[in-house]
Amino acid sequence: MKLSQFNYNLPAELVADHPTFHRDECRLMVLNRRTGEITHKIFKEILEYFEEGDVMVFNDTRVFPAKLYGNKEKTGAQIEVHLLRELNAENKFWDVLVEPARKIRIGNKLYFGDDDMLVAEVIDNTTSRGRTLRFLYDGTHEEFKKALFSLGKTLLPPYFTRESEDSDAENYQTVFARHEGAVVAPSADLHFSRELMKHMEIKGIERGFITLHSGLGAYRDIDVEDLTKHRMDSEEVEVGPKLVDLVNKAKDEGRQVCAVGSSVLRGISDAVSMDGHLKSISGWTNKFIFPPYDFTVTTSFVTNFHLPYSTMLMLTAAFGGYNNVMNAYDVAVKEGYRFGAYGDAMLII
């Protein structure tokens with residue numbers, strides 16, 4: 001398929017700047033991928049589509065506050081720094097993006113916080129905008145991380161027209177976040193409240209977790225028309241044996257296996273063995289899924305409404321069927337659904 005096939009008209013006012021007041025009370029569109037039928041619901045009604053013994057798989061990554069503002073030595077120019085990932089804990093090396101990139105060179109020092117709480121030195125240019133920073137800090141690694149994150153703010157997706165707010169620290173974090181390492185939150189998972197998770201438990205719906213630390217690569221522009229030539233950024237993923245046993249049991253019993261979010265669907269798809277079952281993996285993935293694609297484990301999928309040309313839209317179309325999904329998006333626009341990370345949700349069954 002071609003990049004141009006994933007464009008559609010999205011009015012700017014439909015991109016949500018803030019989440020609904022209650023996580024589980026956004027709108028939910030239910031799409032039947034066999035018939036194309038569309039049903040409109042409220043998100044907390046999602047459990048109507050699942051029975052005892054079905055499995056819902058979530059991403060338990062934890063977003064860290066990745067947006068920092070520092071000042072360049074001598075000139076005092078303000079530099080915006082986006083932390084991407086820690087490269088070396090002992091030496092406090094971090095992979096980062098900087099803006100404006102043209103002002104930063106190897107050897108420059110950046111100062112962060114009141115009284116220059118943290119100092120970092122640029123030691124490498126990794127891309128045209130990327131840098132490797134070495135933070136100069138004498139305390140323990142735990143003390144350093146605490147100081148670093150105390151200065152950071154939530155890094156919202158680039159299509160947001162506002163700066164991050166204090167409320168984003170909670171709103172842009174799932175209620176089951178455990179393993180720190182993501183810059184981008186698994187947005188479909190954000191709709192699950194503690195109350196909804198409890199109702200799942202009461203109904204006997206099983207839950208499982210993968211860990212996939214999503215980075216900014218999810219929002220990187222695709223610059224090729226031929227999708228087979230696009231390469232995703234690598235992201236750290238772990239699918240453990242507990243989830244493998246849970247999912248394979250459900251599959252063998254003919255139960256539903258629901259992937260909650262695009263990161264989960266990609267992680268599960270990357271962990272499928274030759275016999276069509278799930279296997280444990282621990283490492284990195286750059287799996288890029290677009291139509292057509294054969295999903296052998298996942299039977300249903302929860303996702304948000306994604307922006308034109310996005311890899312998440314392509315993944316959604318691969319699962320729900322290109323024509324079904326693009327028609328559903330036309331309906332979503334006409335019905336005033338909210339798009340983006342803080343927007344409404346879709347369940348594909």
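Student: Which residue of S17 does Val-302 stand opposite?
Tutor: A word on the ground rules: this is a predicted model, where local features need pLDDT of at least 70, side-chain atom pairs count only at pLDDT 80 or more, and totals for chains, interfaces and linings use all residues. Residues are numbered from 1 along each chain as its sequence is written, and side-chain values use heavy atoms, with hydrogens and water left out. Strand S16 (residues 300-304) and strand S17 (residues 345-348) run antiparallel, joined by four bridges; strands are DSSP runs of E with at least two residues, helices runs of H or I with at least four, numbered from the N terminus. Across from Val-302 in S17 stands Leu-347.

Student: And which residue of S16 is the bridge partner of Val-260?
Tutor: S14 and S16 pair in the parallel sense over three bridges, and two strands pair if DSSP finds at least two bridges between them. The partner of Val-260 in S16 is Val-302.

Student: Which strands are the edges of the open sheet?
Tutor: Follow the order of its nine strands, S2-S1-S17-S16-S14-S3-S12-S13-S15, with mixed pairing. An edge strand pairs on one side only, and that holds for strand S2 (38-42) and strand S15 (281-285).

Student: Which residues of S14 point the other way from Val-257 and Ala-259?
Tutor: In a regular strand the side chains alternate between the two faces of the sheet. All the S14 residues in question are buried, meaning under 20% relative accessible area (exposed is over 50%, partly exposed in between, with a 1.4 Å probe and protein chains only). Opposite in direction to Val-257 and Ala-259 are Cys-258 and Val-260.

Student: Is H5 parallel or oblique to H6?
Tutor: Helix H5 (residues 262-270) and helix H6 (residues 311-320) pack at about 60°, with axes 10 Å apart. Axes are lines fitted to C-alpha atoms, for helices over the stretch in contact, and angles run from 0 to 180 degrees between N-to-C directions. Under 35 degrees is roughly parallel, over 145 roughly antiparallel, 65 to 115 roughly perpendicular and the rest oblique. So H5 to H6 is oblique.

Student: Which residues of H6 make the contact with H5?
Tutor: Contact means heavy atoms within 4.5 Å. H5 contributes Ser-262, Leu-265 and Arg-266, and H6 brings Met-312, Leu-315 and Phe-319.

Student: What is the relative accessible area of Ser-187?
Tutor: Ser-187 is found in the loop between strand S11 (179-182) and helix H3 (194-203). Leaving aside neighbours within four places in sequence, Ser-187 is in contact with Asn-304 and Ala-341. Ser-187 is buried, because its relative accessible area is 15%.
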